[in-house]
Amino acid sequence: MSSKHYASLHSVKIKAETQTIVESVSANIHHGDKIGLVGSNGSGKTTILKALADLRPISDGSIERYGTIWYMPQLDLKLF
């Protein structure tokens, strides 16, 4: 594993109106890492990914990106 950071999240907090969706998430993702987010429905997994890809604003903390991060939503295969 390379020690070069690809992205860093520092005490990230994400709110929707008055509800806190994600609170105090910190992580370093290194080039070549394979990561997974595990949690129950509604726990903020997709919200974190969208914030990481700069598709959703954060309320507090910071995200540093050292490259382009893409987010690809799930496809509803029932439509095909």
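Leaving aside its neighbours within four places in sequence, Thr47 is in contact (heavy atoms within 4.5 Å) with Ile14, Ile21, Val22 and Arg56. This is a predicted model, in which local features need pLDDT of at least 70 and side-chain atom pairs count only at pLDDT 80 or more, while totals for chains, interfaces and linings use all residues. Residues are numbered from 1 along each chain as its sequence is written, and side-chain values use heavy atoms, with hydrogens and water left out.

Thr47 itself belongs to helix 1, where helices (H or I, at least four residues) and strands (E, at least two) are DSSP runs numbered from the N terminus. With a relative accessibility of 13%, Thr47 counts as buried; the term stands for under 20% relative accessible area, whereas exposed stands for over 50% and partly exposed for values in between, with a 1.4 Å probe and protein chains only.

The table sets out accessibility for four residues.

| Residue | Place | Relative accessible area |
|---|---|---|
| Thr47 | helix 1 | 13%, buried |
| Glu17 | loop between strand 1 (5–16) and strand 2 | 79%, exposed |
| Ser24 | strand 2 | 52%, exposed |
| Pro73 | segment after strand 3 (60–65) | 44%, partly exposed |

Backbone angles add to the picture of Glu17, whose phi is near 55°, a positive value in a residue other than glycine. Ser24 likewise has a positive phi, of about 55°, although it is not a glycine. As for Pro73, its C-alpha lies 19 Å in space from that of Ile58, and the two are 15 residues apart in sequence.

The largest pocket has a volume of about 160 Å³. Here a pocket is, on a 1 Å grid over the protein atoms alone, an open set of points where a 1.4 Å probe fits, with protein on both sides within 12 Å along at least five of seven lines, and lining residues have an atom within 4 Å of a point. Grid points are joined across faces, edges and corners, and the volume is the space filled by probe spheres set on the points.

The lining of the largest pocket includes Tyr6, Ile29, His30, Asp33, Leu49, Leu52, Trp70 and Met72. Strand 2 (19–30) and helix 1 (45–52) each supply at least two residues of this lining. By class, the lining has nine nonpolar, two polar and one charged residues, where Ala, Val, Leu, Ile, Met, Phe, Trp, Tyr, Cys and Pro count as nonpolar, Asp, Glu, Lys and Arg as charged, and the others, Gly among them, as polar.
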